[in-house]
Amino acid sequence: MALDELLSWLSPGSPDVELARRLDFDRLPQHVAVIMDGNGRWAGLRHLPRVEGHRAGTRAVREVIETSARLGLKYITLYAFSVENWKRPAAEVATLMALLKRYLRSELETLLTNNIRFEVIGRTQELSPDVQHELHVAMERTNRNTGTVLTIALNYGGRAEIVDAVRAALTQGLRPDDLDEATFSRLLYTNGRPDPDLLIRTSGEMRVSNFLLWQIAYSEIYVTDTFWPDFRRTHMFEALLDYQRRERRYGGIAAVPGPPVAAGR
């Protein structure tokens with residue numbers, strides 16, 4: 001998207017306009033991944049049940065996805081539910097799954113209007129049939145879209161993904177000498193996608209929480225104290241501007257076009 005088109009979409013006089021003018025559209029990341037954290041603490045500060053934080057977080061999801069599409073980002077990946085999240089109270093898990101289904105139904109037309117393709121990674125076969133059905137419908141309806149690819153990591157864990165990749169290698173009969181970084185990358189859930197250029201984490205926590213452990217080897221990491229329900233377009237623009245100030249060296253001494261492991265992906 002050209003700057004003029006983006007500015008026409010923003011509210012005149014808003015802080016977002018000034019931030020957008022500072023963006024270098026030739027140096028936007030191709031793939032942004034987000035650890036959406038802080039819903040529970042956001043609710044706790046307001047003396048609300050944790051589920052209210054999750055409900056509020058869906059507004060941030062909507063704004064980040066639409067902003068990504070408007071910017072022309074090719075990939076946005078959101079960490080929605082980890083394999084460890086099953087340890088949470090059953091009522092909270094049920095609410096999260098209900099919110100996911102509601103989001104998919106209510107936002108499907110928005111995804112289609114913005115030419116967004118919806119995908120999911122994780123052990124989705126372990127989800128309930130009704131959730132799997134909603135995911136399948138959203139992927140099927142958007143699979144011809146050619147714009148931003150929105151990937152939701154659901155029942156996902158970075159270690160579980162690596163274990164599943166090793167199992168796939170053994171099932172395929174690959175020998176140790178057959179495996180290199182490019183081959184192994186093709187066995188991961190993210191096969192066909194570039195590694196994230198930028199990883200955003202909200203709520204100020206300084207950890208990666210078992211998210212895309214293989215893929216973020218060369219990602220730039222941006223941490224904000226903002227809780228996810230409060231994360232808005234302004235925060236995303238700030239993260240992108242911070243990213244554009246980084247010099248990506250991939251272990252070398254000068255900026256190069258891309259990470260070495262991306263060559264075979």
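Q: Contact means heavy atoms within 4.5 Å; which residues in H9 meet Asp16, Leu19, Ala20 and Arg22 in H2?
A: This is a predicted model: local features need pLDDT of at least 70, side-chain atom pairs count only at pLDDT 80 or more, and totals for chains, interfaces and linings use all residues. Residues are numbered from 1 along each chain as its sequence is written, and side-chain values use heavy atoms, without hydrogens and water. Helices (H or I, at least four residues) and strands (E, at least two) are DSSP runs, numbered from the N terminus. On the H9 side, the residues meeting those four of H2 are Arg233, Thr234, Phe237, Glu238, Leu241 and Gln244.

Q: At roughly what angle do the axes of H2 and H9 cross?
A: H2 covers residues 15-22 and H9 covers residues 233-244. Axes are lines fitted to C-alpha atoms (for helices over the stretch in contact), with angles from 0 to 180 degrees between N-to-C directions. The two axes come within 10 Å, and their crossing angle is roughly 20°.

Q: Which residues of H5 make the contact with H4?
A: H4 spans residues 50-71 and H5 spans residues 90-113; their axes come within 10 Å and cross at roughly 25°. From H4, the contact uses Arg50, Val51, His54, Arg55, Val61, Arg62 and Ile65. From H5, the residues are Glu92, Thr95, Leu96, Leu99, Tyr103, Glu107 and Leu111.

Q: Let's turn to the strands: which ones are the edge strands of the open sheet?
A: The sheet has 6 strands with parallel pairing, in the order S3-S4-S2-S1-S5-S6. Two strands pair if DSSP finds at least two bridges between them. Reading that order from end to end, the strands that pair on one side only are S3 (117-121) and S6 (220-223).

Q: By what angle are neighbouring strands of this sheet turned against each other on average?
A: The strands sit side by side as S3-S4-S2-S1-S5-S6. With direction ignored, the average turn between neighbours is 20°.

Q: How many residues of S2 are buried?
A: S2 (residues 75-82) pairs with S4 (residues 149-156) over 7 bridges in the parallel sense. It also pairs with S1 (residues 31-35), again in the parallel sense, over 5 bridges. Buried means under 20% relative accessible area, exposed over 50% and partly exposed in between (1.4 Å probe, protein chains only). S2 is mostly covered, and of its 8 residues the number buried is 7.

Q: Which residue in S4 does Leu78 stand opposite?
A: Leu78 lies in S2, where it is the bridge partner of Val34. Another opposite pair links Ser82 with Tyr156 in S4. For Leu78, the residue opposite in S4 is Ile152.

Q: Which side chains of S6 point to one face and are buried?
A: In a regular strand the side chains alternate between the two faces of the sheet. S6 pairs in the parallel sense with S5 (residues 198-201) over 4 bridges, and Leu199 stands opposite Ile221 in S6. Ile221 and Val223 point to one face and are not buried, while the buried side chains on the other face are Glu220 and Tyr222.

Q: Why does Ala2 count as partly exposed?
A: Ala2 is in the segment before helix H1 (3-9). From there, Asp180 is 178 residues away in sequence and 39 Å away in space, C-alpha to C-alpha. Ala2 counts as partly exposed because its relative accessibility is 39%.

Conventions: Contact = heavy atoms within 4.5 Å.
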